[in-house]
Amino acid sequence: MIISELNAIQKRYGYISEAELEALARRLKRPIHELYGVASFYPHFRLSPPPKVSVAVCTDAPCHMKGATNLLKRIRDLAGDDKSVEVKRCSCLGQCDRAPAMLLNDYPYSCDREAPGAPRGESDLVDLARRAMAGEAVEHLRFSSAAKGPFKIDPYSSPDEHYSVLKQLLAQGGFEQQVIDKIKAANLRGMGGAGTVAFRKWQTVKDQKSEQKYVVCNGDESEVGTIKDRELLKNLPHLLIEAMAIAGVCTGATRGYVYIRHEYHEQIEIVEQELQRARTLGALGSNLFGSGRTFDLSVFVSPGGYVQGEETALLEAIEGKRGQPRNKSWDVGLMAGVPAFMGLWGKPTIINNVETFMYVPVILAKGPEWFLAQGINGAQGLKWIGVGGDVARPGVFEVPMGTTYRQAIELAGGMAGGKKLKAVCPSGPSLPFLLPSEIDVPMDFPAWDREGKPANPITRLGTSVGSAAIIVIAEGRDMVDLALNMTRFYRNESCGKCVPCRIGSQKMVDIIEGTARDSDLDEIARLSDAMNMTSICGLGQVVSNPITCVIRKWKDDVQAHLKRAVSAESGRTVAQWNESGQMSGSAAAGAGLGGV
Amino acid sequence: MAETSPGPKKLRLKIDGREYLVDATKSVTRTIVEHDRERHVEVHVPQTIYDAAKSVGIEIPILCHRDQLNLDGTPVPQAGVCRVCAVEVWMNGRPDRVFAAACCREIADGMEVKTVGKAQNGVDIEQTRRTLIELLLADHPAPCVRHREFHDCELELYAERYGLKKPVYTPRAVSKGTDFSNPSIAIDHSACILCDRCIRACAAVENHIIGRMGKGYASSISFDNNKPMGQSNCVNCGECMVACPTGAITYAGGKAPRPPEGVSMLLAEDLRKLPTLGPMFRRISPSFLKRSEGAVWARNFKKGEIICRQGEFGSTAFYIDSGEVDIYLDVNLGHLRTRKRSGGLFNRMSSLLFSREQDPRREERLSKSIPIDSSAGDLEYGRLVARVTAGELIGEAACLNFQPRSATVRAATDDVIVIEMLRNVLDMLRKTREFRADMERKYRERALVSHLRSVPIFRDLPEAFINRLRDRVSLLPFEPGQPIVTQGDPADAFYLIRMGHVKVYESYADGQVMVLSYLSRGQYFGEIGLLTPGGVRTANCTALDHVEVVRIEKRDFDDMIRLFPDIKARLQEVAEARLRENRARASQTRTLSLPQYIEQGLYIAQSLLILDLEKCTRCDECVRACAQAHDGITRLVRDGLRFDKYLVTTSCRSCRDPLCMVGCPVGSIRRKGDLEIIIEDHCIGCGRCAEQCPYGNINMHPIGHDRRDPVTGEVDHPRKAAVCDLCTDMCLDENDDPACVYACPHDAAHRVDGQAFFDQYLLGARAVSEKMQAK
């Protein structure tokens with residue numbers, strides 16, 4: 001596999017040299033441009049010798065709100081002209097409840113309130129960087145658990161019971177359709193944010209005739225604010241493995257991958273350990289609990305990038321290609337665009353989010369009715385949410401679906417410093433934000449009645465629970481600045497495959513960053529239409545969400561913005577942000593491309 | 001299997017409010033690589049919205065999609081990245097949430113497509129397209145190099161079409177740079193729109209040099225591992241340049257082909273202005289034309305001057321731009337025959353030329369027509385000259401397939417202007433729709449009748465029916481190696497070869513293949529499957545070089561044999577004979593075991609000269625005897641393969657894969673029913689077959705006296721090809737030995753047939769040696 005080969009080279013030499021890449025191309029009999037294209041696509045890969053110390057500061061919304069720009073500046077000043085030190089920005093590290101956060105030599109450090117010896121704020125992080133630059137060995141941070149059990153999602157009261165749902169199914173036999181029917185009855189939704197009914201993927205894969213099928217877990221959690229899968233993987237890895245094994249035996253798949261972002265070192269380790277345990281127990285391997293059936297899993301460490309969370313881009317990454325989303329079902333017709341028909345290596349593939357999989361054991365153990373009854377305020381089921389931003393105690397919580405955003409803020413200790421609420425982002429940058437007057441809406445996925453009219457309150461507000469990456473914004477913050485920050489995130493994470501997203505996201509940033517003009521609003525609307533309607537994948541289709549939503553709902557901020565030059569970062573040229581490594585860390589920086 | 005060809009399924013499709021019935025699929029050729037071997041298969045793929053709209057005359061704008069074929073005839077895969085072809089798609093009365101890329105999306109029954117106007121959610125479809133062009137334009141150095149020179153950068157043409165001038169969006173702050181490391185191809189990354197066309201074009205010719213690198217707004221094309229192009233493994237084939245829609249990849253000067261001394265080349269701009277070919281040249285990428293300057297030129301000829309001469313090798317084709325030319329064969333019609341002469345034993349033979357009337361040979365083809373390499377049609381046996389007027393193309397096969405000139409072309413008027421072009425230019429011209437359409441129209445008007453009539457079976461086909469066929473047949477090009485029909489497939493058409501060579505072979509379950517025949521211009525195939533109800537293809541027919549065939553659909557073929565029972569009967573005779581021969585050959589070859597023996601085709605050879613090396617003293621009497629028997633030119637070389645103690649000397653062994661038949665410019669060499677090679681009377685003596693024969697068994701035999709051209713004064717030495725005739729005419733009766741055998745003083749030479757040699761000599765010898773070893 002190309003990615004693991006590249007990882008091995010990087011692990012051995014610290015970077016992927018030209019010679020090594022050429023040798024790999026010869027060995028794999030692949031064109032050299034293909035391997036270079038892959039290696040230069042993913043931020044994890046280095047194409048030049050690594051510096052002695054590398055610091056990457058997350059600058060996305062929750063960290064941005066906690067002064068990431070200042071942190072970046074302080075560490076830059078600290079490094080000065082030292083060429084052996086690399087200081088750059090990076091995209092969301094999934095530490096939104098512990099902002100600000102940074103990577104020090106590829107390991108995450110953030111302000112964990114509970115972990116002993118963890119940094120408590122900006123100055124501690126600067127100090128860590130200083131120690132590293134001075135040549136001191138800096139210990140990897142052991143994070144505390146941000147979510148506190150017991151968890152309703154876990155049907156087991158002790159580790160001894162783990163995997164008993166799978167064991168029972170295999171003992172009883174003939175369960176395949178029943179399992180899918182129960183998932184259907186429980187109305188389990190895709191918890192990665194899309195909220196589509198989960199049973200359909202399972203049913204389609206089961207119904208396909210194919211010698212090989214796959215089960216893939218999307219644990220790439222990279223959307224700004226999304227931290228729930230981090231805690232699920234850390235606390236309840238057995239549920240994921242059991243659910244994926246159940247998916248395997250139900251659909252006839254024998255092989256699976258757990259795709260986890262590379263910054264989640266701890267989670268990767270925990271899942272690997274649990275895989276070993278599951279194999280020892282007989283829950284994985286060539287003879288599941290003596291049934292003679294086969295299913296095995298391995299962890300696939302993502303080489304990085306938010307767009308990898310797009311399911312087809314994720315599959316491309318596993319296949320060792322540039323992680324660009326495939327043309328979609330609306331572009332190519334049902335079969336080719338849908339992983340359940342043509343997924344990993346063109347085979348039928350179930351690909352679900354971590355949380356989606358993890359509900360399966362409890363639904364089977366306690367029944368769909370139990371699961372449905374967990375919801376409140378007219379919603380059904382459970383939801384794991386992450387709450388970050390201007391709240392007193394950010395964290396990850398398991399809540400009944402239908403919990404209101406007001407309740408979510410209360411769970412997180414209320415507004416930080418007793419400030420007034422200005423906005424709530426229900427799903428990071430991707431879905432329309434809520435005004436303070438709207439936060440009593442019960443969180444849920446959108447629903448429509450037969451006539452196409454909204455069937456629940458959140459749909460009427462034109463938004464959704466999404467991935468439940470809740471970012472709380474207090475009074476005093478500039479919504480245009482927030483929208484700019486979020487638009488930059490999308491630009492930085494665009495794969496570049498299609499025109500509307502590749503160029504549109506940059507031009508959208510340009511418009512917001514640039515000298516404010518009255519025509520901006522029209523231009524944004526027009527650009528937004530083109531991006532929403534013609535981008536290949538969901539990333540491009542939501543790039544304009546933050547700014548259009550702010551224009552619609554926070555008119556005062558927009559008017560203020562139109563009257564003055566924008567944020568502190570405005571006026572910086574593309575060249576400058578290339579230089580500071582805002583784009584992927586590869587040698588892809590715009591200037592000097594192939595220049596002679 | 002259905003007897004009548006059902007044709008592709010039809011689907012109901014609504015485009016911009018109008019209902020259409022369109023084919024559900026289109027047929028394309030795909031290259032499949034298995035075990036490092038390429039195979040071309042014809043597959044039916046669903047039509048895309050773009051294809052379907054185009055088929056009913058609606059052009060949806062495209063930018064990254066390329067509506068052309070690759071060099072090997074396979075379609076360019078869609079990338080679906082520019083999104084300019086975005087359309088709104090409705091199924092079951094509901095629109096998709098977002099627009100679809102028309103170049104990728106497959107059509108379905110009942111689908112409604114909106115290419116312009118407002119979408120359901122109020123978004124203007126044309127406006128989103130305009131926005132995408134504006135986005136690209138913002139970072140594009142307009143006018144780019146291509147637009148400055150030729151005014152046809154595809155992006156800037158759209159900009160003009162949409163009336164976009166000043167970029168709305170802030171341009172890219174820092175240019176993506178240029179790359180002039182390759183002396184002939186210039187790269188301007190800032191003009192690149194990342195349509196992936198060059199990447200696909202590079203992959204299509206199996207070079208695999210260009211890829212995408214980096215991510216997001218910083219991504220760009222790169223060569224190998226981001227090398228400057230000139231230091232990469234690029235072979236300068238120029239495909240990327242031709243594929244590029246903008247000024248990102250353009251011609252940078254450098255070494256170009258040069259026209260002959262004293263002839264001035266036509267510049268790219270001149271080509272685009274030519275009155276006749278100009279519109280066709282305007283369809284070709286100007287970068288390509290620029291790069292091909294020197295590969296095409298114009299020449300003037302006065303009456304009587306020679307434009308090209310039969311038998312010569314030439315790498316150009318001639319387009320007659322004005323005036324008239326005569327195209328003729330300068331041959332003595334006849335074949336060589338060795339006759340007994342009175343006198344001594346070894347001096348009793350002489351070779352003379354006999355015409356087919358004087359000396360009819362078994363299975364001689366009595367066709368009147370002699371195929372020549374001209375779009376204007378063939379020559380006739382009795383009339384070896386034809387007048388050709390402006391607008392015709394001569395020497396297409398010589399240029400594309402490296403075959404000798406089939407005839408001499410001489411200016412017939414004083415105002416002849418010929419556009420002479422090299423292969424790369426002709427190849428590109430042939431890919432343009434206009435050129436193909438023009439050549440096809442002329443072919444239908446002028447050549448089709450004589451072509452059809454040249455096939456003896458159709459000689460008597462009434463004018464009315466040929467007129468009916470005229471508009472119904474299609475002219476199809478095939479690239480070297482591309483399959484035309486595949487064994488086992490349902491028979492759906494009849495084919496007549498207009499240009500090139502078609503290899504006919506059977507494949508067997510064990511993966512072995514047997515070449516049944518090579519067919520060339522004027523010959524036909526595909527009738528066997530059509531003559532049996534629900535018939536399938538009994539053999540594979542594959543293009544050996546650049547081939548063009550006339551395809552007659554099953555329904556027309558059925559009509560023909562229904563209306564003209566005579567033709568049916570004659571076709572059936574030929575078909576049965578072909579089948580018989582094939583079966584005989586197959587049964588011969590299937591029981592074999594000695595691989596090399598089989599590979600060399602010895603088993604099926606009618607007659608081998610074997611020398612017992614234990615007896616042979618290398619005195620070369622056999623060679624001398626052969627030479628003496630054939631006017632001093634030996635048809636025998638004492639060299640060849642050794643089996644056991646026997647040397648199988650080189651003499652025509654009627655190969656399994658008779659390569660000598662490939663490339664004859666006038667189709668005068670062919671196989672008779674019994675595998676023996678026959679050279680027809682109109683052989684022009686070019687020597688192609690002699691070169692092609694891997695065993696050196698065909699010799700060129702001078703005939704008559706040298707001739708001097710009355711106009712040019714050039715001297716010509718007429719020749720004819722001759723193949724070992726086993727001294728058939730010398731031998732008085734069947735038991736007589738040929739000269740070579742007769743001459744051997746040591747009883748070392750024997751004439752045997754392949755099977756007898758295998759059974760008696762080889763197996764016998766082995767049995768003896770095994771016995772010896774056992775002892």
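A:Phe289 is partly exposed, because 19 other C-beta atoms lie within 10 Å of its own. On this scale a residue is buried if 20 or more other C-beta atoms lie within 10 Å, exposed if 12 or fewer, and partly exposed in between, with C-beta atoms placed from the backbone. A:Phe289 sits in the loop between α12 (265-281) and β7 (296-302) of chain A. Its phi is positive, about 45°, although A:Phe289 is not a glycine.

Before going further, a word on what you are looking at. This is a predicted model, in which local features need pLDDT of at least 70, side-chain atom pairs count only at pLDDT 80 or more, and totals for chains, interfaces and linings use all residues. Residues are numbered from 1 along each chain as its sequence is written, while chains are lettered from A and ligands numbered from 1 in the order in which they are written.

**How confident is the model?**

The score pLDDT is the predictor's confidence in each residue, from 0 to 100. Chain A has a mean pLDDT of 91, and 94% of its residues reach 70 or more. Even so, pLDDT stays under 50 over residues 566-596 of chain A, a stretch with 84 contacts beyond four places in sequence. In chain B the mean pLDDT is 79, and 80% of the residues reach 70 or more. Among the elements of chain B, helix α17 (residues 595-599) has the lowest mean pLDDT, 52, and strand β8 (residues 111-114) the highest, 96. For the model as a whole, ipTM is 0.91 and pTM is 0.69.

**Chain A from the inside**

Chain A has 26 helices and twelve strands. Here helices (H or I, at least four residues) and strands (E, at least two) are DSSP runs, numbered from the N terminus. Buried residues make up 57% of the 596 residues in chain A.

Four strands of chain A form an open sheet with mixed pairing, in the order β10-β9-β12-β11. Strands β10 (395-400) and β11 (421-429) of chain A stand at the edges, each with a single partner strand, so one side of each has no neighbour in the sheet. Two strands count as paired if DSSP finds at least two bridges between them. Strand β9 (residues 382-389) of chain A runs antiparallel to β10(A), and six bridges join them. One residue pair to look up is A:Trp384, whose bridge partner in β10(A) is A:Glu398.

**The nonpolar core**

In soluble globular proteins, nonpolar side chains tend to be buried together. A nonpolar core is a set of buried Ala, Val, Leu, Ile, Met, Phe, Trp, Tyr and Cys residues joined through C-beta atoms within 7 Å. The largest such core has 360 residues, and those with the most contacts inside it are A:Leu240, A:Ile470 and B:Val87. Helix α11 (residues 237-251) of chain A gives this core its largest share, ten residues. Apart from it lies another core of 21 residues, B:Ile610 and B:Cys622 among them.

**Where the chains meet**

Two residues are in contact if their C-beta atoms, placed from the backbone, lie within 7 Å. By this rule, 57 residues of chain B are in contact with 58 residues of chain A. On the side of chain B that touches chain A, α2(B) gives the most, with seven residues. The residues on that side divide into 28 nonpolar, 18 polar and eleven charged. In this grouping Ala, Val, Leu, Ile, Met, Phe, Trp, Tyr, Cys and Pro count as nonpolar, Asp, Glu, Lys and Arg as charged, and the others, Gly among them, as polar.

For a close-up, find A:His33 in helix α3 (residues 32-39) of chain A. A:His33 is buried, because 27 other C-beta atoms lie within 10 Å. Leaving aside neighbours within four places in sequence, A:His33 is in contact with residues that include B:His208, B:Ile210 and B:Phe223. B:His208 lies in the loop between α5 (197-204) and β11 of chain B. B:His208 is partly exposed, because 17 other C-beta atoms lie within 10 Å.

**Unusual backbone angles**

Most residues other than glycine have a negative phi, and most peptide bonds are trans. The table lists exceptions in this model.

| Place | Feature | Angle |
|---|---|---|
| A:Phe289 | positive phi | about 45° |
| B:His208 | positive phi | near 55° |
| A:Gly149 to A:Pro150 | cis peptide bond | omega near 0° |
| B:Ala142 to B:Pro143 | cis peptide bond | omega near -10° |
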